[in-house]
Amino acid sequence: PYSGTYDGVAHSIEVTIPDGAAIKYGTAEGTYDMDEAPSYTNVGTYTIFYQVTKDNYNAVIGSQTVTINSKAVTVTADNQTKVYGTADPELTAAVDGTIGEDKVTYSLSRAEGEDVGEYTITPTGDAEQGNYTVSYTNGTLTITPATMTDITAAAYEGTYDGMAHTIQVTIPDGASIKCGTAEGTYDMDEAPDYTNVGTYTIFYQVTKDNYNAVIGSQTVTIN
């Protein structure tokens, strides 16, 4: 007999006969109308019948099988990345195990959500497809923070006038700002202000969901 995994090649049984004998084959018991054993390529179990004849001998009949098992194929969703607020990239997958021009069919979808984070990309399809047994492996879509660009910060410089002065920072809708008097420390809800002569540096940090934080500084100069 023959037993093996689908490989795109035709396979048959092998029958050894004595010198001077002849053999005929068939695909139904009792019918031997083929000079050569049939061969099979696709997944399945096939029974081939044979009859061996030789002058002065009883005919010998028998059968054997060709068993072709399905080949394992994997469909693995490709990992993807996008910046928050941009369109999803095309979802793609890698297929491993098919032979030649053979194809397997599948679809791809991702978990819903648009905030920064990781979302599962899921390939789906039939497990049994023709000559293949298909398994599926998820991928990940990673949404990274966007960058805020509509932020302006203005310093103050003027002559002492007995009034308190500070910097001016414009931030986009939905953002929040914290200030501090030391770089890296943003523990004040409002920018500090100053009255007396001197140069003062005010540090700020602007945050907004799904965006990278923006930090900077400006000065208040009172002459």
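The secondary structure of this chain, taken from a predicted model, consists of 20 strands and 0 helices. The radius of gyration is 38 Å, well over the 17 Å that the globule rule gives for 223 residues, so the chain is more spread out than a compact globule. The dimensions of the C-alpha trace can be set beside this value: along the principal axes of the chain, the trace spans about 130 × 25 × 25 Å.

**Surface, contacts and charge**

Of the 223 residues in the chain, 27% are buried. The chain exposes about 13,300 Å² in total, and carbon and sulfur atoms supply 45% of that area. Contacts may also be described by their separation in sequence. Among those with a separation of 6 or more, 54% join residues that are 24 or more positions apart. As for charge, the chain carries 8 positive and 30 negative charges, and the mean positions of these two sets are 8 Å apart.

**The surroundings of Q129**

Where in the chain does Q129 lie? This residue belongs to strand β10, which covers residues 128-129. Is Q129 buried or exposed? Its relative accessible area is 13%; because this value is under 20%, Q129 counts as buried.

The side chain of Q129 takes part in polar contacts with the backbone. One partner is the backbone nitrogen of T105, which the side chain of Q129 reaches at 2.8 Å. Another is the backbone oxygen of D126, which lies 3.0 Å from a polar atom of the side chain of Q129. When neighbours within four places in sequence are left aside, the residues in contact with Q129 are V104, T105, V134 and Y136. T105 therefore appears both in this list and as a polar partner of the Q129 side chain.

**Two asparagines with positive phi**

N56 has a phi near 70°, a positive value in a residue other than glycine. N210, which is not a glycine either, has a positive phi of about 75°. Each asparagine is found in a loop: N56 between β3 (44-53) and β4 (60-69), and N210 between β18 (198-207) and β19 (211-212). What is the relative accessible area of N56? The value is 80%, and N56 is exposed because this is over 50%. For N210 the value is 15%, and N210 is buried because this is under 20%.

The table gathers the accessibility of the residues discussed.

| Residue | Relative accessible area | State |
|---|---|---|
| Q129 | 13% | buried |
| N56 | 80% | exposed |
| N210 | 15% | buried |

Definitions and conventions: Residues are numbered from 1 along each chain as its sequence is written. Side-chain values use heavy atoms; hydrogens and water are left out. Helices (H or I, at least four residues) and strands (E, at least two) are DSSP runs, numbered from the N terminus. The radius of gyration is taken over C-alpha atoms; the globule rule is 2.2 Å times the number of residues to the power 0.38. Buried means under 20% relative accessible area, exposed over 50%, partly exposed in between (1.4 Å probe, protein chains only). Contact means heavy atoms within 4.5 Å. Accessible areas come from the Shrake-Rupley method with a 1.4 Å probe; for residues, only the protein chains shown count as cover. Lys and Arg count as positive and Asp and Glu as negative; His and the chain ends are not counted. The place of a charge is taken as NZ of Lys, CZ of Arg, CG of Asp or CD of Glu. A polar contact is a pair of N or O atoms within 3.5 Å; within protein, one must be able to donate a hydrogen and the other to accept it, and residues adjacent in sequence count only if both atoms are side-chain atoms.
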